[in-house]
Amino acid sequence: MPHATATFNGKVIADTDTCENVEGNVYFPPDSVDQSVLTKTNTHTHCPWKGDASYYSIVVDGQEVKDSAWYYPEPKEKAKHIKDYVAFYKTKVEVKSD
């Protein structure tokens with residue numbers, strides 16, 4: 001498995017060796033993400049094959065980026081392997097993977 005990290009405002013907010021890559025996005029297991037920097041939002045989007053996504057805003061040292069991460073709490077069958085895994089918008093968070 002490739003090693004992956006997500007960094008925002010100079011702080012590593014996710015670090016894992018067990019990520020999933022789906023459609024060019026790195027999905028981090030929930031236990032590899034610093035949950036203290038995440039705040040759930042009321043934003044939701046729909047993917048025809050993954051299901052309904054819910055969103056987080058990220059706050060680090062007083063700097064916030066709204067709706068910058070998402071996850072699938074109840075994914076459709078083909079996306080069960082990313083249930084509750086967190087992905088980040090690469091335009092808002094620096095995501096690196098080997």
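# A walk through an all-strand model

Let us start at D67, which sits in strand β7, a stretch covering residues 63–71. This is a predicted model, and D67 is a good place to look at its backbone. Phi of D67 is near 45 degrees, a positive value in a residue other than glycine. That deserves a second look, because most residues other than glycine have a negative phi. D67 is partly exposed, with a relative accessible area of 21%; the cut-off for buried is under 20%.

Another positive phi turns up at N9, where the angle is near 55 degrees, again in a residue other than glycine. Here the setting is a loop, the one between β1 (4–8) and β2. N9 counts as partly exposed, at 37% relative accessibility.

Now step back to the whole protein. It has nine strands and zero helices, so, read from the N terminus, the order of elements is β-β-β-β-β-β-β-β-β. What radius of gyration would a compact globule with 98 residues have? The expected value is near 13 Å, and the protein has 13 Å, which agrees. Along the principal axes, the C-alpha atoms fill a box of roughly 35 × 35 × 20 Å. Of the 98 residues, 45% count as buried. The accessible surface comes to about 5400 Å², and carbon and sulfur atoms account for 48% of that surface. As for how the chain meets itself, take the contacts between residues at least 6 apart in sequence: 41% of them join residues at least 24 apart.

T7 gives a close-up of such contacts. T7 belongs to strand β1 and counts as buried, at 19% relative accessibility. Not counting residues up to four places away in sequence, T7 touches V12, I13, V93 and E94. Two of these names will come back: I13 is also in contact with S32, and E94 takes part in a salt bridge with K96.

From here, turn to the loop between β4 and β5, where S32 is found. Is S32 buried or exposed? At 12% relative accessibility, S32 counts as buried, although it is a loop residue. Leaving aside neighbours within four places in sequence, the contacts of S32 are I13, A14, D15 and T16. Strand β2 spans residues 11–16, so these contacts of S32 lie in that strand.

D31 is found in the loop between β4 and β5 too, but D31 is exposed, with a relative accessible area of 74%. The C-alpha atoms of D31 and V86 are separated by 9.8 Å, while the two residues are 55 apart along the chain.

The same loop also holds D34, which brings us to the charged side chains. Side chains of opposite charge can pair when their charged atoms come close. How many salt bridges does a search of the whole structure find? The search finds five. In one of them the side chains of K11 and D34 meet, at 3.5 Å from N to O. K11 lies in strand β2 and D34 in the loop between β4 (25–28) and β5 (38–47), so this pair ties together parts that are 23 residues apart in sequence. K11 is partly exposed, with a relative accessible area of 34%, and D34 is partly exposed as well, at 24%.

Next comes the bridge of K96 with E94, whose closest N and O atoms are 3.2 Å apart. E94 is partly exposed, with a relative accessible area of 42%. Further back in the sequence, the side chains of D84 and K83 meet in a salt bridge at 3.8 Å, N to O. D84 has a relative accessible area of 29% and is partly exposed; K83 is partly exposed too, at 33%. That pair is part of a network: salt bridges that share partners join E74, K83 and D84.

One more view of charge takes in the whole protein. There are 11 positive and 15 negative charges, and their mean positions are 6 Å apart.

If you are turning the structure as you read, two spots are worth revisiting. One is strand β2, where K11 pairs with D34. The other is the loop between β4 and β5, where S32 counts as buried and D31 is exposed.

Technical notes:
Residues numbered from 1 in each chain as written. Predicted model: local features only at pLDDT ≥ 70, side-chain atom pairs only at ≥ 80, totals over all residues. Heavy atoms only, no water. Salt bridge = Lys/Arg side-chain N within 4 Å of Asp/Glu carboxyl O. Helix = DSSP H or I, 4+ residues; strand = E, 2+ residues; numbered from the N terminus. Buried < 20%, exposed > 50% of the residue type's maximum accessible area, 1.4 Å probe, protein only. Rg over C-alpha atoms; globule rule 2.2 N^0.38 Å. Contact = heavy atoms within 4.5 Å. Areas by Shrake-Rupley, 256 points an atom, 1.4 Å probe, with all protein chains shown as cover. Lys, Arg positive; Asp, Glu negative; His and termini not counted. Charge placed at Lys NZ, Arg CZ, Asp CG, Glu CD.
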